[in-house]
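The following exercises concern one protein chain. Each task is followed by a solution in steps.

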Amino acid sequence: MADRSSGRTHRASGRRRLVPGITLGVLLLGAWAGIGTAGALRADAPADAGSAPPKAYSTALPFDLPPTAELRRSAKLVFAHYFTPYPLSLDNEPADRDYYTRNYLTPDGEKGKHRAYGGLLRDRPLPAAPEAGNWELAHLRQEIRTARDAGLDGFTLDLLSESGRNRDRAELLLTAAHEEDPGFRIQLMPDMTALTAATPASLAESLAELARHPSAHRLPDGRLVVSPFKAEEKDPDWWRAMMRALESRHGIRTALVPLFLDFTPDRESYAAISHGLSEWGARTPDRQAGAVADARRAHRLGKIWMHPVSVQDARPNQGLFDEAGNTETLRASWEAAIESDADWVQLTTWNDYSEGSHVAPSLHNGHAYLDLSSYYLTRFKTGAWPKILRDTLYLTARVQFVDDVPPATRQPQVIRPRPGTATPRDTVEVLSFLTAPADVRTRTGSAGDSHRAPSGVHAHLLPLRTGDSSATVVRGGTTTTTVTSRYPARRPVDRQDLQYYAVTSGRAQR
């Protein structure tokens, strides 16, 4: 049985200071990384939904992403887990002085409450320009465009409360989805680590209010999909009572897809009341086989399976990180979803920056992880690997070495590997998507090297060194594409940042 990502702790809206060396100029690089999905085609009508992806995506990817309408013809669905505390903006201020910068991106933010672990976050959403009018709605519509244009079918919406700010944002996301793209689905995910006081009747009432929105995900037979996070917090009888209340009091039939932190054998008792099953998943490359086995168990029980796909996980406030192995976890979890013939996929997560697990475009990663997911998503939904048409490189590396620890006066609570995770490593990965074999010339710090890469997808590891890293594809004496890290690796450090930073040659760099 694979070790699942355990005990997820939810953080209320909090905020931090920039990584050493990040300048204000870098922070404001909204134009760098294609924040310009703002120029994407809207999907207010079926004609828009059937159109080709916007040009920014077509030229950024190593392949041609199929039109939205073609992807949506697939019965297989891809969602991303939306975490309401971290929208594009919390206050509609310019990025150099917004709440993320003043409070989440500094150890001294929020009156120093996150000082012990060096600040709450290590990354943030790609800065969004302030909007006039209903700026929160505008920003949520932008996020929906970004997800839709990358090939996603919808969001799984983490429901943290039955009232208050996070609930209001959940309602607004449902509104934004319908206004921006009526085909974009919002799957309701009551979070049972947060809704501890809920009763079957109160949760049914809360879900019924959200189900009034047309964008709430329903099956073709009209059943409302409800996918509770950590469903094992309540036994099957509790969920039966909740579903009875939804139907008897609100006229809503339910398709329950419980998500477990760990799909142990005793969880099979939920199958009798469920349309499908799911789990949160492991965040390290060598623990993906368990999810494949669990998918097959779900199918033997006659249930659909929603497979977890993740990038990485690093949690300063919990003092834990998983070794993701550059992009190895992302690739391995996508390949496991394909191998297991999963019915749905959940990217865990879209925007939980306090876990460092986000695929949404961010300051440190741009669109790189989302672009990579578009490649595997296309195979998952169409059944065929897309043809590589443009040489493209993805370079990933940490900005510090795993064993480098900041002075205790700067960060008393250090981040350590989660028990059972892969052995931490200090590596630069050059992931190449090539139309034909070519030489890839690399540099890490002051050391140069080269390797011959085949056509197709190929990962090559190099030792991490202080300074910048870069890679260049040369074929027949001609350079076809090149990429350089945007953040150098440094020594010494004044706080830990154990996420892998990513950059792609497919999008404009500084």
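**Exercise 1. Determine what follows helix H10 in this predicted model, and describe the helix and its two ends.**

Solution.
- Step 1. After H10 comes Gly251, with a positive phi near 70°.
- Step 2. The helix itself covers residues 236-250, which is 15 residues. From first to last C-alpha, H10 reaches 21 Å, close to the 21 Å expected at 1.5 Å a residue.
- Step 3. At the N-terminal end, Asp235 acts as the cap: one of its side-chain oxygens lies 3.1 Å from the backbone nitrogen of Asp237.

**Exercise 2. Identify the buried residues of H10 and elements that cover them.**

Solution.
- Step 1. A residue counts as buried when its relative accessible area is under 20%.
- Step 2. In H10, Pro236, Trp238, Trp239, Met242, Met243, Ala245 and Leu246 are buried.
- Step 3. Their cover includes helix H9 (200-211), strand E4 (224-226) and strand E5 (254-256).

**Exercise 3. Locate Lys230 and Asp341 and state the phi of each.**

Solution.
- Step 1. Lys230 is not a glycine, yet has a positive phi of about 50°; this residue sits in the loop between E4 and H10.
- Step 2. Asp341, also not a glycine, has a positive phi of about 55°. Its place is the loop between helix H12 (328-339) and E11.
- Step 3. Asp341 is partly exposed, at a relative accessible area of 47%.

**Exercise 4. Give the omega of the peptide bonds Thr348 to Thr349 and Arg491 to Pro492.**

Solution.
- Step 1. The bond from Thr348 to Thr349 is cis, with omega near 25°. Thr349 lies in the loop between strand E11 (344-347) and helix H13 (368-382).
- Step 2. Arg491 and Pro492 are joined by a cis bond with omega about -10°. Pro492 belongs to the loop between strand E19 (478-484) and strand E20 (501-504).

Note on methods:
Residues numbered from 1 in each chain as written. Predicted model: local features only at pLDDT ≥ 70, side-chain atom pairs only at ≥ 80, totals over all residues. Heavy atoms only, no water. Helix = DSSP H or I, 4+ residues; strand = E, 2+ residues; numbered from the N terminus. Expected span 1.5 Å × (residues − 1). Buried < 20%, exposed > 50% of the residue type's maximum accessible area, 1.4 Å probe, protein only. Contact = heavy atoms within 4.5 Å. Polar contact = N/O pair within 3.5 Å; in protein donor to acceptor, adjacent residues only side chain to side chain.
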